[in-house]
Amino acid sequence: MSHLNLEEALQAAGNPVQMLRNSQIGPYAFPVVRSEFTNWRDEQRAWKESCALFDQSHHMTDLYLEGPDALKLLSDLGVNSFKNFKVNHAKQFIACSHDGYVIGDVILFYLAENSFSLVGRPPASNWVQYHAEKGGYNVKAERDERSFVNQGRRKTYRFQVQGPHAVRVMEKVLGKPAPDIRFFHMETIDIAGCAVHALRHGMVGQPGWELFGPWEDGDAVRNAIVEAGQEYGIRQVGRALILPVAWNPGGFHLLCRRSTPAIRCKDTGNGWAGKSYEAMASLGGSFYSEKINDYYLTPYELGYGPFCEIRS
């Protein structure tokens, strides 16, 4: 049965825990990308021993913000510090309810003056978009849904090049030394004649990059990286590997206690859609309580800690 808003869905279920534990949507979906390109074992070794190319283009929601109040909106809603946050920087953005429980987290990209994008699971972006539209901010929000619910193509491709040989692969594809970018800083580079945003990233103690740009450039960029990486043992990675190594401790069916976004109708004036992620996401794990508040976690309980510069 379809509900107009989250409040209607909750009223029909009688108990939010029962609604989420009996959801039919299942675990968070990683659509489009094939399960394996070669086999899980080779792909698992690649990001630790050689080089792996992850296609992150499909499973995350992107929210674009533009306008003179965009930074104020983000600073008002995020629990992080925004001190020294500048153009061509990125950071983890954590959204919490008014009583300090995590709604969700995303990666926040400072693209240009008054221009940002938030990339990740939907809850944090839903919270930001709601306040952008209802909070009187001078800001425009544009949403690019993940492929699971997107009826057209995405605006942006998103790849990650990771592993001990990532630097060599990048040097070959660029025809010059790899860009010397500080961690979670960005620069624009050229791959196959395409302008590419490169975010300095890293896994297993090795430098790596998250690369993104206009959707229509994606195939050319991917093909150039795969060709350059052949002599270094590059492997394209399927969703069977992306799922266990992906970020966010609250994002999957953990064995014990899985958190859920701490959204309450009274915080949103019942403005949450009946088919929103928050209304349909499955709640798993062996932990059980009749009280939905027992599934809410603080930033520190989820392990965000000092790295995210949590404001007191």
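# A predicted model, seen from helix α5 outwards

A124 is buried, and its relative accessible area is 0%. Here, buried means under 20% relative accessible area, exposed means over 50%, and partly exposed lies in between, with a 1.4 Å probe and protein chains only. Before going further, please keep in mind that this is a predicted model, in which local features need pLDDT of at least 70 and side-chain atom pairs count only at pLDDT 80 or more, while totals for chains, interfaces and linings use all residues. Residues are numbered from 1 along each chain as its sequence is written, and side-chain values use heavy atoms, with hydrogens and water left out.

**The overall picture.** The protein has ten helices and eleven strands; these are DSSP runs numbered from the N terminus, helices being H or I over at least four residues and strands E over at least two. Of its 312 residues, 54% are buried. Contact means heavy atoms within 4.5 Å. Counting contacts between residues at least 6 apart in sequence, 70% join residues at least 24 apart.

**Helix α5 and its surroundings.** A124 sits in helix α5, which spans residues 122-134. Setting aside neighbours within four places in sequence, A124 touches A95, I103, G104, D105 and V106. A124 and L77 are 47 residues apart in sequence, and their C-alpha atoms are 9.6 Å apart in space. Helix α5 also holds Q129, a residue that is buried with a relative accessible area of 15%. Beyond its neighbours within four places in sequence, Q129 is in contact with L63, A141 and R143.

**Helix α4.** In helix α4 (residues 70-77), the buried residues are A70, L73, L74 and L77. They cover an arc of only 95° around the axis, so they are on the same side of α4; the arc is that of the directions from the helix axis to the C-beta atoms. The buried residues of α4 pack against α5 and against four strands: β2 (61-66), β3 (90-96), β4 (102-112) and β5 (115-120).

**Helix α3.** Which residues of helix α3 (residues 40-49) are buried? They are E43, A46 and W47. Their arc is only 85° around the axis, which puts them on the same side of α3. R41, K48 and E49 are exposed on the other side of α3.

**V102 and a distant stretch of chain.** Strand β4 contains V102, which counts as buried at 7% relative accessibility. The C-alpha atoms of V102 and P299 are separated by 6.1 Å, although their positions lie 197 residues apart along the chain as a sequence separation. Apart from neighbours within four places in sequence, the contacts of V102 include I94, A95 and C96, then T260, P261 and A262, and also L297, T298, P299, L302 and Y304.

**How α6 meets α7.** Two packed helices are described by the angle between their axes and the distance between the axes. Helix α6 (residues 166-174) and helix α7 (residues 218-228) pack at about 115°, with their axes 9 Å apart. Axes are lines fitted to C-alpha atoms, for helices over the stretch in contact, and angles run from 0 to 180 degrees between N-to-C directions. V169, K172 and V173 of α6 make the contact with A224, I225 and A228 of α7. These residues divide into five nonpolar, no polar and one charged; Ala, Val, Leu, Ile, Met, Phe, Trp, Tyr, Cys and Pro count as nonpolar, Asp, Glu, Lys and Arg as charged, and the others, Gly among them, as polar.

**Two loop residues with positive phi.** F184 is not a glycine, yet its phi is positive at about 60°. F184 lies in the loop between α6 and β8 (186-191). A192, also a residue other than glycine, has a positive phi near 55°. The loop between β8 and β9 (194-203) is where A192 is found. Buried or partly exposed: what is A192? A192 is partly exposed, with a relative accessible area of 49%.

**Cysteines and a short table.** A search of the whole structure finds zero disulfides, a disulfide being a pair of cysteine sulfur atoms within 2.5 Å. Two cysteines appear below, together with F184.

| Residue | Relative accessible area | Class |
|---|---|---|
| C96 | 8% | buried |
| C194 | 10% | buried |
| F184 | 11% | buried |
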